[in-house]
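Q: Please take a close look at the ligand site of this model. Add what can be said about the strands, the cysteines and the unusual backbone angles elsewhere in the chain.

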Amino acid sequence: MPHRITLIPGDGIGPELSQATRRVLEATGIVFEWEVQEAGEAVMSRYGTPLPDHVLESIRRNRVALKGPITTPVGKGFRSVNVALRQSLDLYANLRPCRSLPGVKTPFPDVDLVVVRENTEDLYAGVEHMVGEDAAESIKIITRKASQRIARFAFQYAIRNGRRRVTAVHKANIMKLSDGLFLESCRQVAAEFPQIEFDDRIVDNMCMQLVQKPGLYDVLLAPNLYGDIISDLCAGLIGGLGVAAGANLGDSSAVFEAVHGSAPKYAGQNLANPTALILSGVLMLEHLGEVQAAGRVKKALEAVLAEGKSVTFDLGGHAGTSEMADAIINML
Ligand code: NAD
């Protein structure tokens, strides 16, 4: 049976990375039926919204999507398609594994972290308004339900994947009610999983410790905004945004996408690194139960990275996006 997948190419560097990833995934011999759906600014004039209903319907029907990045206008314009997608489909868990890769030089050779980020609420929901002309108010909502749900996800993930420790990230010393509720919820859920070590760190201290001794940490459990920021920090530890993969998971559907955005300055130039989206594709294969194919893609990609000849500029190479994909396909 072919896997029917919604493919959202995205914009900026999205379409070229989606194309590269699609070719690599198809080279495994697994059969996919791609239902290509456009979202973002390009569809605004046609549908009056950057996230038309038929895109959501396609994901609900297929239950799995692979998505390229989508640009969000800064300080004006339409609401983030990425946030809307996560909220509409209740993709409450954002999973971002962050592991050192062979051949990718960084000052940190042995990073093996997983960021589990709450994906539906917090300041990141963008609920805000002007108060008169000279003040703006953003509303940070943290609920017990969403906090317990993401904490449970993190502990269950830890057990399923042989992880030993979960660290909650918060600022409950200052935001005693909202972050306090998040931390209290994590502590309550931690008590259900005595086999997994649990501790917590204040977010600023967490950032400092991550750049000094990332090897001390394992699974990081964070509310939406801190999770967003820490994910990019962790990507930096392993070689940059070009190599950091992710998944948005809910109870009924899943959307796989890289941590990075649409990097508009590199759009359409065959320059961007496809590794992050290909590794997101590996997470998708695992989710589909295609564990062997997932392992093969990962191995082929790691071999190309280790060889270092056919890698993109951000990894010190001269290959374009499509040439790097070709090298991975040859290795497969
Ligand atoms: P970005 O992640 O797009 O890029 C930041 C920098 O990281 C780039 O300039 C580039 O130097 C590097 N980079 C990122 N991806 C790379 C790749 N694959 N290969 C090589 N280098 C890469 O972040 P930004 O510039 O802050 O955001 C651009 C747009 O993307 C914004 O509109 C933002 O809202 C959007 N965005 C979308 C998503 C998403 O769709 N999930 C996520 C983050 C940002």
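A: The ligand site comes first, followed by the strands, the cysteines and the backbone.

This is a predicted model, in which local features need pLDDT of at least 70 and side-chain atom pairs count only at pLDDT 80 or more, while totals for chains, interfaces and linings use all residues. Residues are numbered from 1 along each chain as its sequence is written, and side-chain values use heavy atoms, with hydrogens and water left out.

The ligand is surrounded by 23 residues, where a residue is near a molecule if one of its heavy atoms lies within 4 Å of it. The closest are Ile70, Thr72, Gly261, Ala263 and Asn273. By class, this shell has 10 nonpolar, 8 polar and 5 charged residues. Here Ala, Val, Leu, Ile, Met, Phe, Trp, Tyr, Cys and Pro count as nonpolar, Asp, Glu, Lys and Arg as charged, and the others, Gly among them, as polar.

For polar contacts the criterion is a pair of N or O atoms within 3.5 Å; within protein, one must be able to donate a hydrogen and the other to accept it, and residues adjacent in sequence count only if both atoms are side-chain atoms. A polar backbone atom of Gly261 is 2.7 Å from an oxygen atom of the ligand. A polar side-chain atom of Lys67 lies 3.2 Å from a ligand oxygen atom, and an N or O atom in the side chain of His260 is 3.4 Å from a ligand nitrogen atom. On its own the ligand has 810 Å² of accessible area, of which the protein covers 72%. Accessible areas come from the Shrake-Rupley method with a 1.4 Å probe; for residues, only the protein chains shown count as cover.

Next, the strands. Helices (H or I, at least four residues) and strands (E, at least two) are DSSP runs, numbered from the N terminus. Ala65 is found in strand 3, residues 64–67, and is buried at 0% relative accessible area. Buried means under 20%, exposed over 50%, and partly exposed in between (1.4 Å probe, protein chains only). Ala65 and Ser253 are 188 residues apart in sequence, but their C-alpha atoms are 8.1 Å apart in space.

Strand 4, residues 93–99, has 5 of its 7 residues buried. Two strands pair if DSSP finds at least two bridges between them. Strand 4 runs antiparallel to strand 5 (residues 112–118), with 7 bridges joining them; Arg99 stands opposite Asp112 there. Strand 4 also pairs with strand 11 (residues 247–249) in the antiparallel sense, over 3 bridges, and Ala93 has Leu249 as its bridge partner.

The structure holds 0 disulfides, a disulfide being a pair of cysteine sulfur atoms within 2.5 Å. Cys186 cannot form one because the closest cysteine sulfur, in Cys234, is 17 Å from its own, too far for a bond. Cys207 is in no disulfide either, with the sulfur of Cys234 the nearest at 8.7 Å. Cys186 is buried at 0% relative accessible area, whereas Cys207 is partly exposed at 22%.

Finally, the backbone. Asp122 is not a glycine, yet has a positive phi of about 75 degrees. Asp122 is placed in the loop between strand 5 and strand 6 (128–130) and is buried, at 2% relative accessibility. Asn270, also not a glycine, has a positive phi of about 55 degrees. Asn270 sits in the loop between strand 12 (254–256) and helix 9 (275–287) and is partly exposed, with a relative accessible area of 27%.
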